[in-house]
Amino acid sequence: MTETMLERRARLLGPQMTTFYREPVHVVRGEGAYLWDKDGRRYLDCYNNVPHVGHCHPRVVEAIATQAATLNTHTRYVHDAILDYGEALTAKFGHRLESLVMVCSGSEANDVALRMAEAVTGKTGIIGTDNTYHGNTAAVSQLNSKKIPVGGYRDHVRQVPAPDNMAPIGGSQEGQAEAFARGVEAAIAELEESGHGVAAMILCPYFANEGFPTLERGFLDRAIEAVRKAGGIIIADEVQPGFGRIGSHWWGHDRLGFAPDIVTLGKPMANGHPVAAVVTRPEILGAFQEAFKYFNTFGGNPVSAAAAMAVLQVIEDEALVENARDVGAYTLSLLQEVQARHDVIADVRGAGLFLGAELWRDGAPATALCAEVVEDMRGRGVLLHSVGRRDNTLKVRPPCVFGRAEAETLAEVMDAALEAVT
Ligand code: PMP
């Protein structure tokens, strides 16, 4: 008997290697906001944030091909590409975030950020939320709330309750900022008591993996003040909201109105080429380099820098931040219309092209139903997925070239799927 593709995949990559969908999509080509499968069927991609400027954008492809045909080496030789890119990228930041370390994944970026925090504070305690993911290195895995590390969480990590729209911490939307700060203050007290002290609080400023609850500007102010008072620093993990996806700003921390000490970047940075970075103030980079002799063989190589530069240029030239704002607002309004027709949608939320529709039925989170909607929409040619503590929120996070026509298709298909499965 011949082995199926899924059997071959399980044999080689392991049976636990996840796939999306009961019948996974076997993709062979991408363009803009669309993917095609092996049978030539087209899917609207409402989920993938990595192809930020659109699948296979010709300018990114060209930049990679041209540089790959010219030179690719590590950064112990000197080359303009990483410097040109570093200047262009840091120009997008305020708060004296003027220096960078280039790496190859968001996980690595967060790993470096944690080590920077240790180097600059001389302490080891880390605060994250209780419903998050920041990556897969040994150190960063300690922050993952869904899979408990072997031997349990180490004593230097504290997870504080994350904000949530449908089950707000502290019992009300208005009370969430204070409740969050109280959680952070309690974590600080414990870390000080145990002798670790506070090195850093690491947060996604959009709380993306937490299900992106609606937060007012200044939400983190009190919590940040407490961390700083304890001598800790603030790491903003912009792997998901960064590069203008949220429409109103380039970065989630500017939308929320705080000044991070370190920002980590990844996924959308080079449209799928593995590029990530840590952006920080010069003195923090200096302390890090003094404490650890850090070198990253592939990080910031000329091809990676060229790919990342092309992405920045396309974001500007095609006005994709403005597109995220305008089309995002239109998409949100269409999702609100879908909500008006389906009681099962309890909450529609988000900013720019990062939106969600949370499903509840009979006073309980409709997690299984949410999975059915995801499957049904796949059958109708629209790809998205679910997110959140209860995994009952439909997550809409498409390439930022998503247009009004795509928004209309998404809403029509979501409407039809909800009609079919409820
Ligand atoms: N930070 C956040 C907030 C993430 O969502 C992820 C990946 N989903 C990472 C870091 C890790 O990035 P990578 O998979 O590139 O290591």
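Mentor: Two strands pair if DSSP finds at least two bridges between them. The model discussed here is predicted.

Trainee: How many bridges join strand 1 to strand 2?
Mentor: Strand 2 covers residues 34–37 and runs antiparallel to strand 1. Within this pair, Glu31 stands opposite Tyr34 in strand 2. Pairing takes at least two bridges, and the number joining strand 1 to strand 2 is four.

Trainee: Which residue takes a positive phi in the hairpin of strand 1 and strand 2?
Mentor: The hairpin has two residues between its strands. The positive phi there is near 60 degrees, and the residue that takes it is Gly32.

Trainee: Which strands stand at the edges of the open sheet of four strands?
Mentor: The order in this sheet is 1-2-3-14, and the pairing is mixed. An edge strand has a single partner, so one side of it is left without a neighbour in the sheet. That applies to strand 1 (27–31) and strand 14 (382–383).

Trainee: Which residue stands opposite Leu383 in strand 14?
Mentor: Strand 14 runs parallel to strand 3 (residues 42–45), and two bridges join them. The residue opposite Leu383 is Asp45.

Trainee: What is the order of the strands in the open sheet of seven?
Mentor: The pairing in this sheet is mixed. Its edge strands, each pairing on one side only, are strand 4 (99–103) and strand 6 (157–160). From one strand to the next the twist averages 20 degrees. The order is 4-10-9-8-7-5-6.

Trainee: In which sense do strand 4 and strand 10 pair?
Mentor: Strand 10 spans residues 276–280 and shares five bridges with strand 4. Across this pair, Val103 stands opposite Ala276 in strand 10. The sense of the pairing is antiparallel.

Trainee: Where is Cys56 found?
Mentor: Most residues other than glycine have a negative phi. Cys56 is not a glycine, yet its phi is positive, at about 55 degrees. Cys56 sits in the loop between strand 3 and helix 2 (58–68).

Trainee: What is the phi of Phe207?
Mentor: Phe207 lies in the loop between strand 7 (198–203) and helix 7 (221–229). Its phi is positive, in a residue other than glycine, with a value near 50 degrees.

Trainee: What volume does the largest pocket have?
Mentor: Among the residues that line the largest pocket, the closest to its centre are Tyr47, Tyr133, Asn209, Lys267 and Lys395. Helix 4 (106–121) and strand 15 (385–387) are the elements that give two or more residues to the lining. The volume of the largest pocket is about 1400 Å³.

Trainee: How many residues line the largest cavity?
Mentor: The whole structure holds two cavities of 30 Å³ or more. The largest cavity has a volume of about 60 Å³. Closest to its centre are Asp164, Glu210, Gly211, Arg349 and Arg390, and the lining residues number 15.

Trainee: Which residues make the nonpolar surface patch?
Mentor: A residue needs over 30% relative accessible area to be part of a patch. This one is about 310 Å². One of its members lies in helix 1 (residues 5–13), namely Leu13. The patch is made by Leu12, Leu13 and Met17.

Technical notes:
Residues numbered from 1 in each chain as written. Predicted model: local features only at pLDDT ≥ 70, side-chain atom pairs only at ≥ 80, totals over all residues. Heavy atoms only, no water. Patch = residues over 30% accessible without salt bridge, like charges linked within 9 Å, V, L, I, M, F, W, Y side chains within 5 Å. Areas by Shrake-Rupley, 256 points an atom, 1.4 Å probe, with all protein chains shown as cover. Salt bridge = Lys/Arg side-chain N within 4 Å of Asp/Glu carboxyl O. Axes fitted to C-alpha atoms, helices over the stretch in contact; angles between N-to-C directions. 1 Å grid on protein atoms, 1.4 Å probe; cavity = no way out; pocket = protein on both sides within 12 Å on 5 of 7 lines; lining within 4 Å. Points joined across faces, edges and corners; volume = space filled by probe spheres on them.
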